[in-house]
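Hi,

Here is the structure I said I would pass on. Have a look at it first, and then read on for what turned up.

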Amino acid sequence: RRSNPDMRVTRRRERIRVGGHPAFLTETSNHSPIGGRETNWVITAQAPDGVLHYFVAVAPQNEFGRYSRAFEDVIDSVRFR
């Protein structure tokens, strides 16, 4: 919030799975540094060894639908050792 004061949560924390383990996805919206607005997915997952991992997916708000499937594919490909 300090570096992105205009960031707003647009979809509250949702339970998902990453690498077969429980995780959370939160969707936010923010002003894009290149103009317009952007949509962000912030995904947090705890690996079996206890390490917390986070992933951030960012796309222009008006094009997010075109990117969301690719973001889902990336998250589905994550495997923890």
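Let's start with a small puzzle: over which ring does the charged end of Arg13 sit? The ring is that of Phe24, and the charged end of Arg13 lies 4.6 Å from its centre. Before you read too much into any of this, keep in mind that the model is predicted.

Now the overall picture. Going from the N terminus, the order of elements is β-β-β-β-α, which gives 4 strands and 1 helix. If you draw a box along the principal axes, the C-alpha atoms fill roughly 40 × 30 × 20 Å. The chain has 81 residues, and 31% of them count as buried. About 5900 Å² of the chain is exposed, with 50% of that area supplied by carbon and sulfur atoms. On the charge side, there are 13 positive and 9 negative side chains, and the centres of those two sets are 6 Å apart. As for contacts between residues at least 6 apart in sequence, 25% join residues at least 24 apart.

The part I enjoyed is the aromatics. Searching the whole structure gives 4 aromatic pairs. Take Trp41 and Phe64: their ring centres are 5.2 Å apart and the planes meet at 70°, so this pair is edge-to-face. It also links distant parts of the chain, since Trp41 belongs to strand E3 (residues 37-46) and Phe64 to helix H1 (residues 64-77), 23 residues apart. Both Trp41 and Phe64 are buried. Phe64 has another partner in Phe71, and that aromatic pair is tilted, with 5.6 Å from centre to centre and 50° between the planes. Through ring pairs, Trp41, Phe64, Tyr67 and Phe71 are linked into a cluster.

How buried are the two Phe residues of that tilted pair? Phe64 has 8% relative accessibility and therefore counts as buried; Phe71, at 16%, counts as buried too. Leaving aside residues up to four places away in sequence, Phe64 touches Glu27, Thr39, Trp41, Ala59 and Phe71.

Then there is Ala47, which sits in the loop between E3 and strand E4 (52-60). Is Ala47 buried or exposed? Its relative accessibility is 8%, so Ala47 counts as buried. With residues up to four places away in sequence again left out, Ala47 touches His53 and Phe80.

Two distances help to place Ala47 in the fold. How far apart in space are Phe64 and Ala47, given that 17 residues separate them in sequence? From C-alpha to C-alpha, Phe64 and Ala47 are 28 Å apart. His21 makes a nice counterpoint: Ala47 and His21 are 26 residues apart along the chain, yet their C-alpha atoms are separated by 7.3 Å.

If you open the model, I'd begin with the ring cluster of Trp41, Phe64, Tyr67 and Phe71, then move to the loop that holds Ala47, and finish with Arg13 over the ring of Phe24.

Cheers

Technical notes: Residues numbered from 1 in each chain as written. Predicted model: local features only at pLDDT ≥ 70, side-chain atom pairs only at ≥ 80, totals over all residues. Heavy atoms only, no water. Helix = DSSP H or I, 4+ residues; strand = E, 2+ residues; numbered from the N terminus. Buried < 20%, exposed > 50% of the residue type's maximum accessible area, 1.4 Å probe, protein only. Contact = heavy atoms within 4.5 Å. Areas by Shrake-Rupley, 256 points an atom, 1.4 Å probe, with all protein chains shown as cover. Lys, Arg positive; Asp, Glu negative; His and termini not counted. Charge placed at Lys NZ, Arg CZ, Asp CG, Glu CD. Phe/Tyr/Trp six-rings, centres within 6.5 Å; stacked < 30°, edge-to-face > 60°. Lys NZ or Arg CZ within 6 Å of the ring centre and 35° of its normal.
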